[in-house]
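Q: Please take one strand as a starting point and look closely at what surrounds it, then follow the story outward to other parts of the chain. I am new to reading structures, so please explain each term when it first appears.

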Amino acid sequence: MPEGNELHRWANLHNEVFAGKKVRVDSPQGRFTDAPLLDGRTLVKVTAVGKHLGYDFGKIEGEQRILHVHMGLYGDFSEGHPPMPEPRGALRLRIWTKTDWLELRGPTDCSLWNAEKWQTLLDRLGPDPLNHDKPGPMLERIATRKTDIGQLLMDQSILAGVGNIYRAELLFRARLSPFKPGNEVPQKTLEAIYKDAVKLMPDAMVDRRIVTTKAKDRPHKTGEALNEEAHYVYRRTGRPCFICGTAIKTKIVASRNLFWCPTCQAE
Ligand SMILES: [Zn+2]
């Protein structure tokens with residue numbers, strides 16, 4: 001599933017080429033039935049928050065309209081310049097101008113919302129490190145929970161935009177056991193994890209590649225990180241920890257595989 005870095009990358013890209021312009025909109029597959037309502041309107045701006053995208057079309061028939069997109073596990077965009085390709089496959093949405101087009105396939109949601117529904121979403125989500133939100137609400141919510149921190153970090157109402165890769169890697173970088181109850185994690189550690197996310201996540205917006213290892217910790221200390229050295233623990237089950245050599249472990253937590261080093265992140 002794309003994590004926050006991907007969503008923010010799409011928002012920036014789509015803002016650059018479509019914001020402030022009259023756009024054409026359709027749904028070749030037919031499942032986005034409100035497409036005709038947006039066709040020919042001006043796309044005001046595109047916002048990413050957590051794993052959600054909002055395409056603000058301003059007021060239509062007296063009500064603010066926001067096209068909400070949630071990618072889920074299988075959603076993906078393609079973008080390009082004309083000529084626009086012939087519609088193929090389950091093509092949910094197309095947006096285009098004379099100079100640019102995008103295609104959206106496989107999202108969990110692509111539907112027209114009003115301002116109130118969008119605000120309800122914002123209220124429900126935790127701070128998003130990529131929107132420079134303050135970490136306060138995350139700290140407050142974790143402090144009251146006995147649930148393991150490894151599970152809490154996957155909860156979008158606690159930390160928006162963080163998914164399975166960042167969850168595992170942020171915990172490792174903090175040398176924190178994923179099995180520590182939220183209310184036992186020191187405030188300072190949580191603040192440091194949030195700060196780390198603010199620093200780490202923008203890097204992966206540029207090239208869609210999440211690299212969390214520091215050069216000094218990799219077997220190859222110079223040059224770009226090799227794929228097998230890009231993460232400390234994520235998908236490294238049974239491989240030796242770069243720091244201490246212990247075999248990395250895995251377990252399903254919050255319905256996704258969690259990876260950790262039992263030595264560096266001892267309970
Ligand atoms: Zn280790």
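A: The place to begin is T47, a residue of strand β4, which covers residues 45-49; here strands are DSSP runs of E with at least two residues, helices are runs of H or I with at least four, and both are numbered from the N terminus. The model is a predicted one, in which local features need pLDDT of at least 70 and side-chain atom pairs count only at pLDDT 80 or more, while totals for chains, interfaces and linings use all residues. Residues are numbered from 1 along each chain as its sequence is written, and side-chain values use heavy atoms, with hydrogens and water left out.

With a relative accessibility of 27%, T47 counts as partly exposed, since buried means under 20% relative accessible area, exposed means over 50%, and partly exposed lies in between (1.4 Å probe, protein chains only). Once residues up to four places away in sequence are set aside, T47 touches A11, H52, L53, G54 and W118, where contact means heavy atoms within 4.5 Å. Its C-alpha atom is separated by 22 Å from that of E61, although the two residues are 14 apart along the chain.

From this strand we can turn to a sheet. Four strands form an open sheet in the order β2-β8-β9-β7, and their pairing is antiparallel, with two strands said to pair if DSSP finds at least two bridges between them. Because β2 (24-26) and β7 stand at the edges with a single partner strand each, one side of each is left without a neighbour in the sheet. The partner of β2 in the following pair is β8 (residues 91-96), joined to β2 by three bridges and running antiparallel to it; within this pair, R24 stands opposite W96 of β8. Helix α1, made of residues 4-18, packs on the sheet and touches β7, β8 and β9 (101-105).

Another helix in contact with α1 is α6, whose buried residues pack against α1, α5 (149-152), α7, α8 (203-207), β11 and β12. Ten of the ten residues of α6 are buried, so this helix is largely enclosed by the rest of the structure. Among these buried residues are hydrophobic names such as I165, L170, L171 and F172, but also N164, R167, E169 and R173. Just after α6, R175 takes a positive phi of about 55°.

The neighbouring helix α7 includes D196, which has a relative accessible area of 14% and is therefore buried. Leaving aside neighbours within four places in sequence, D196 is in contact with L170 and R173, and both of those appear in the list of buried residues of α6. The loop between α6 (164-173) and α7 (187-200) holds P186, and this proline, with a relative accessible area of 43%, is partly exposed. The C-alpha atoms of P186 and E79 are 44 Å apart, the two residues lying 107 places from each other along the chain.

The two strands that α6 packs against, β11 and β12, also form a pair with each other. Strand β11 (residues 249-253) and strand β12 (residues 256-260) are paired in the antiparallel sense over five bridges, and V253 has R256 in β12 as its bridge partner. Their hairpin has two residues between the strands, and in it A254 takes a positive phi near 55°.

Technical notes
Axes fitted to C-alpha atoms, helices over the stretch in contact; angles between N-to-C directions.
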